[in-house]
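Student: Can we go through this model together? I'd like to start with one helix and then move to charged pairs and the backbone.

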Amino acid sequence: MALLSGLQTTLSGMKVAQNQLDIISRNIANVDTEGYTRKTAQQNNVVLAGYNAGVKLGDVKRTVNQGLLRSFLSSNSLTTNLSAQNDYLSKAETLLGTPQGDNSLAANVSDLQAYFDTFATDVTSASNRYSLLTSAQSLTSRLNSVSTEIQKLRGDADIEIRDTVDSINKTLDTLAELNDSIVKYTVLGYEGVADLEDQRDTALRELSSYIDITYYQRENGEMVIQTKSGATLLDRDPHKLSHTAIAQASATTSYAAGSISGIYVDGVDITKSIKDGKLKGLIEIRDTTLPSLQAQLDELAGVLKDSINHVHNQGTAYPNTPSEMTGTRSFLDPDTQSIRIDEGDVRFVIFDENGKQVSTASLKGDIGFSKGTLSGMAAQIQTWLRTVDTPNMQDATVTFDQTGKLNINTQNSNYSIGIIDVANSNAGAAQQDVKLSFDADGANGYDREFEGFASFFGLNDFFVSDSNEYIYDSKVMAENANLGVKGTVTLSFSDSERGIDFGRLEINSNDSLRDIVNKINNDPVLSENLRASLIPNGNGYVLRIEDVGGAQLEITELSNPQTGFLENIGLEPSNASIATTIKVREDITVAPELIANGSPIFNDNTGKYELNQAANDIANAMAKVFQESQTFEQSGTIGKTQTTLANYASTFVGNIASAANNASSELEYQQTLTESISLKEAQVSGVDIDEELSQMIIFQQTYAACAQAFTASKEILDLLLDMVN
């Protein structure tokens, strides 16, 4: 019996040694296979009835450090996050140019400033006018193209989000299949579980590059995967993500406003709870970084447009003085909306072909209009024009066109018109911005204040924009900020499609910005026409109310006396999208002679106004716009500030360059860290050829020793059998 037991023992030893050699061979063969971990198996004694019955091979195990694996997954998620941001920041930097570069947007602003300065030195030079026009067109074209490309980048990022979601879903399918196989092989005792676990870890690593994950394993080997915020991605079955990419992005397209779809799992939007991975980087670019840059472009374009237009409206071109002027501001109902002159007066002057005064009258002092409806004002000005002591002016018109814009036409090309804001109604009074109050809803007093008559109507704008005032933004505030409401404030909404006061909103003392958003969006009347949202902006939020049909919108307070609620929260027409559509007024591009260089001059000797081709007071004032600090509201990463146009442009160009540089440095560091963790994993879990060869020698010797013992036992047994026979 002892000989038979010895044969069984040596035979089991040979089999175990052979199996160990097989494992070592697979380890060596897969030394360069990505994701493969070193396999080992314990050798266990077999005891039967208290006697040693040989050895057997235990389960094949992987050499894996779970702590290092978790560290790698976390580091890998951050690496791909930074990589996604770095790619898009580099593209944005290319669009804007470097701060010191001659091709940067900041350089375009500085160039325009230089050409305004040159124009002011000699307004009679045709080349100066053309150079100024070309520079202005170059800047507006650059603003347009950069804005368009930024929105294209946002669209590209959203498409990448969709594609990444698809990749996540495919990886989850792979993980689910591997889970099923591992559980089955474990229960049935099949070989190959360790190799399947390697494949699952490889898929897990891939998943971590897309989204932040955490995991745990059940006793049967099944893995459960969640996001770090707790959304389940895999638990027996995959919980797939869904996202619908936008067809095209614009400056007003945002996730916060609902115009960009969220990322959903089991019907729950997890967009805000995604912590890391490529998805997080793309979301950050799409919803924060690029919108912040777009807001700064729009703020630059808006301030440039308003400041230059305000000055240009004070001037008059000569000898190309217009006989017809059409405003750019659209009014909802000129028969109802009212205007009031609070300070100063407005003087109208009719000039002949030689720039000499034919007739003049002040709106308040001579024509007799100080307040009233817009249509009433237009009728009084028209009456004066038709009765001035000038032939062929009886057909002059002052009307509001179908779009609600003021049109003044002498109906005689021999007679042009100039408009001057003056301190009082006397001829020759000092030029000074007239102060106006505007009753936007024609129902409850005057709601808004403006300076400059021609500027208010936009009768002689230099820059124009295709977008009307259909979006209102508040100043940047905390989501739960105290809005300063005592009692109740009622807002009225009017637009060019539905008319005056088509809906109202009551705001109570304890309401927050979020409450206002919910009230508008949940009101069946208001939500049909308006959309409210809280747009992230820097360290707070902007309350945005937009007309869903793109119609001209007016928001007024009905309280009497008014509480100043709209002013307190800074709710006013937004600059959103202005950078996309800003351009030089079309007729100026055809005839640069229409650029205003001076204003009418009062001749004390003759007691009349006259035009001088060499007058440069308006040209100097426009050049001064670039020299003086302007007020810029908070836009993204740039807080409210006062600085020059060129400095503001340099600031956000520099910010993007700095952000791109920082992202590149952070990415480089994070990649090094991830690689070092991966190297450490390889040292712990990978295959060491020298170690495997030494183990191979040991098991070869073990096999040889067992074989010799088996041969000796067999020979003795054969000898005994021969003796018996």
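**Helix H9 and beyond**

Tutor: In helix H9 (residues 513-522), the buried residues are Leu513, Ile516, Val517 and Ile520. They share one side of H9, because they cover an arc of only 100° around the axis. The arc is taken from the directions that run from the helix axis to the C-beta atoms. Buried means under 20% relative accessible area, exposed means over 50%, and partly exposed is in between (1.4 Å probe, protein chains only). Helices (H or I, at least four residues) and strands (E, at least two) are DSSP runs, numbered from the N terminus.

Student: Is this predicted or experimental, and how are residues numbered?

Tutor: This is a predicted model, where local features need pLDDT of at least 70, side-chain atom pairs count only at pLDDT 80 or more, and totals for chains, interfaces and linings use all residues. Residues are numbered from 1 along each chain as its sequence is written, and side-chain values use heavy atoms, with hydrogens and water left out.

Student: What covers the buried residues of H9?

Tutor: The cover includes strands S22 (488-495), S23 (499-508), S24 (530-537) and S25 (540-547), along with helices H10 (526-529) and H11 (565-569). Contact here means heavy atoms within 4.5 Å.

Student: Does H9 also have a charged pair, and which residue forms a salt bridge with Arg514?

Tutor: Glu479 does, at 3.1 Å from N to O. Arg514 is in helix H9 and Glu479 is in the loop between S21 and S22, so the salt bridge ties together parts 35 residues apart in sequence. A salt bridge is a side-chain nitrogen of Lys or Arg within 4 Å of a carboxyl oxygen of Asp or Glu. Glu479 is partly exposed at 26% relative accessible area, and Arg514 is partly exposed at 29%.

Student: How many salt bridges are there in the whole structure?

Tutor: A search of the whole structure gives 26 salt bridges. One of them joins Glu469 and Arg329, with the closest N and O atoms 3.6 Å apart. That pair links distant parts of the chain, 140 residues apart: Glu469 is in the loop between strand S20 (463-464) and strand S21 (471-473), and Arg329 is in the loop between strand S10 (324-326) and strand S11 (338-343).

Student: Are Glu469 and Arg329 buried or exposed?

Tutor: Arg329 counts as buried, because its relative accessibility is 14%. Glu469 is at 21% and counts as partly exposed.

Student: What about Glu610 and Lys356?

Tutor: Their side chains meet in a salt bridge, 3.7 Å from N to O. Glu610 lies in strand S30 (residues 608-610) and Lys356 in the loop between strand S12 (345-351) and strand S13 (357-362), so parts 254 residues apart in sequence are tied together. Glu610 is partly exposed at 24% relative accessible area, and Lys356 is partly exposed at 41%.

Student: Which residues are linked in a network?

Tutor: Arg218, Glu222, Asp235 and Arg236 are linked in a network of salt bridges.

Student: Backbone now. Which peptide bond is cis?

Tutor: The bond from Tyr318 to Pro319 is cis, with omega near 15°. Pro319 lies in the loop between helix H6 (277-312) and S10.

Student: And where is Asp266?

Tutor: Asp266 is in the loop between strand S8 (264-265) and strand S9 (268-269). Its phi is near 55°, a positive value in a residue other than glycine. Asp266 is exposed, with a relative accessible area of 53%.

Student: What is phi of Asp501?

Tutor: Phi of Asp501 is near 55°, again positive in a residue other than glycine. Asp501 is in strand S23 and is partly exposed, at 29% relative accessible area.
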